[in-house]
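Biologist: I am new to this structure and should be grateful for a close look at a single part of it. Please describe that part in connected prose, with its surroundings.

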Amino acid sequence: MKDCVFCRIVAGTAPATKVYEDDTLCAFLDIRPIARGHTLIIPKVHAAELDALDADTGAHIFRAGHRLALAMRRSTLAADGANLVMNDGKAAFQTVAHVHLHVVPRRHGDKLSFAKGLLLRRPHDPVGTAAAIRAGIAALPTEDTDPVEGTQA
């Protein structure tokens with residue numbers, strides 16, 4: 001879909017700081033992050049909402065989210081946890097009509113900075129942040145069913 005910004009990112013015609021990509025999905029830093037490392041995972045095939053997404057692709061996205069959350073813990077981002085959030089439809093505050101999973105790294109005691117991030121939503125060294133996440137991915141053990149085996153970007 002040519003008017004979808006996420007489809008343009010997949011096609012390479014819109015800029016994005018990618019942290020991972022495979023045949024099915026693409027993960028990149030949010031341009032208006034809540035916290036440093038806030039990453040979006042999208043299917044490469046356009047699906048505006050969950051009802052247009054096949055279950056296998058949805059499962060692949062959540063497996064990738066799990067791996068990226070673990071990578072953020074092992075990276076220099078030093079996350080203590082993560083929020084994995086998918087807003088499905090306008091009623092759920094979905095702002096881009098393309099399925100996407102937010103992976104937001106969290107730290108103990110970050111409630112104030114998290115709330116501030118919700119309001120300000122400013123980038124935090126995208127190049128260094130992406131490099132840190134890729135290093136965290138590389139530090140994870142690989143598995144046969146691992147959707148985030150490499151660091152292609």
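Modeller: In this predicted model, helix 2 and helix 4 lie roughly perpendicular to each other. Helix 2 spans residues 55-74 and helix 4 spans residues 126-139; their axes come within 7 Å and cross at roughly 105°. An angle from 65 to 115 degrees counts as roughly perpendicular, and the crossing of roughly 105° is therefore placed in that class. On the side of helix 2, the contact is made by Leu68, Ala71, Met72 and Arg74, which meet Ile133, Gly136 and Ile137 of helix 4. By character, the residues of this contact comprise 5 nonpolar, 1 polar and 1 charged.

The sheet provides the next part of the picture. It is an open sheet of 5 strands in the order 1-2-3-5-4, with antiparallel pairing. Strand 1 and strand 4 are its edge strands, each pairing on one side only. Direction ignored, neighbouring strands are turned by 20° against each other on average. Helix 2 packs on this sheet and touches strand 1, strand 2, strand 3, strand 4 and strand 5. The direction of helix 2 makes about 160° with that of strand 3.

Within the sheet, strand 2 (residues 25-29) deserves particular attention. Of its 5 residues, 5 are buried, so strand 2 is largely enclosed by the rest of the structure. Both of its faces are covered: Leu25, Ala27 and Leu29 are buried on one side, while Cys26 and Phe28 are buried on the other. This arrangement may be read alongside a general rule. In a regular strand, side chains alternate between the two faces of the sheet.

Strand 2 has pairing partners in strand 1 and strand 3. With strand 1 (residues 18-21), strand 2 pairs in the antiparallel sense over 3 bridges. The two strands form a hairpin, with 3 residues between them. Lys18 has Phe28 of strand 2 as its bridge partner, and Glu21 stands opposite Cys26. With strand 3 (residues 39-43), strand 2 also pairs in the antiparallel sense, here over 5 bridges. In that pairing, Cys26 has Ile42 of strand 3 as its bridge partner.

Cys26 leads to the matter of the cysteines. The count of disulfides in the model is 0. A disulfide would require two cysteine sulfur atoms within 2.5 Å. For Cys4, the closest cysteine sulfur is that of Cys7, at 3.8 Å, which is too far for a bond. Cys26 is likewise in no disulfide, and the nearest cysteine sulfur, again that of Cys7, is 11 Å away. Cys26 is buried, with a relative accessible area of 0%; Cys4 is also buried, with a relative accessible area of 6%.

Cys4 and Cys7 appear again in the surroundings of His98. This histidine is found in the loop between strand 4 (81-85) and strand 5 (101-106). His98 is buried, with a relative accessible area of 0%. Leaving aside neighbours within four places in sequence, its contacts are Cys4, Phe6, Cys7, Ile42, Pro43, Val45, His46, Ala47 and Ala48. One of these, Ile42, is the bridge partner of Cys26 in strand 3, and the contact with His98 thus joins the loop to the part of the sheet described above.

Note on methods:
Residues are numbered from 1 along each chain as its sequence is written. This is a predicted model: local features need pLDDT of at least 70, side-chain atom pairs count only at pLDDT 80 or more; totals for chains, interfaces and linings use all residues. Side-chain values use heavy atoms; hydrogens and water are left out. Axes are lines fitted to C-alpha atoms, for helices over the stretch in contact, and angles run from 0 to 180 degrees between N-to-C directions. Helices (H or I, at least four residues) and strands (E, at least two) are DSSP runs, numbered from the N terminus. Angles under 35 degrees count as roughly parallel, over 145 as roughly antiparallel, 65 to 115 as roughly perpendicular and the rest as oblique. Contact means heavy atoms within 4.5 Å. Ala, Val, Leu, Ile, Met, Phe, Trp, Tyr, Cys and Pro count as nonpolar, Asp, Glu, Lys and Arg as charged, and the others, Gly among them, as polar. Buried means under 20% relative accessible area, exposed over 50%, partly exposed in between (1.4 Å probe, protein chains only). Two strands pair if DSSP finds at least two bridges between them.
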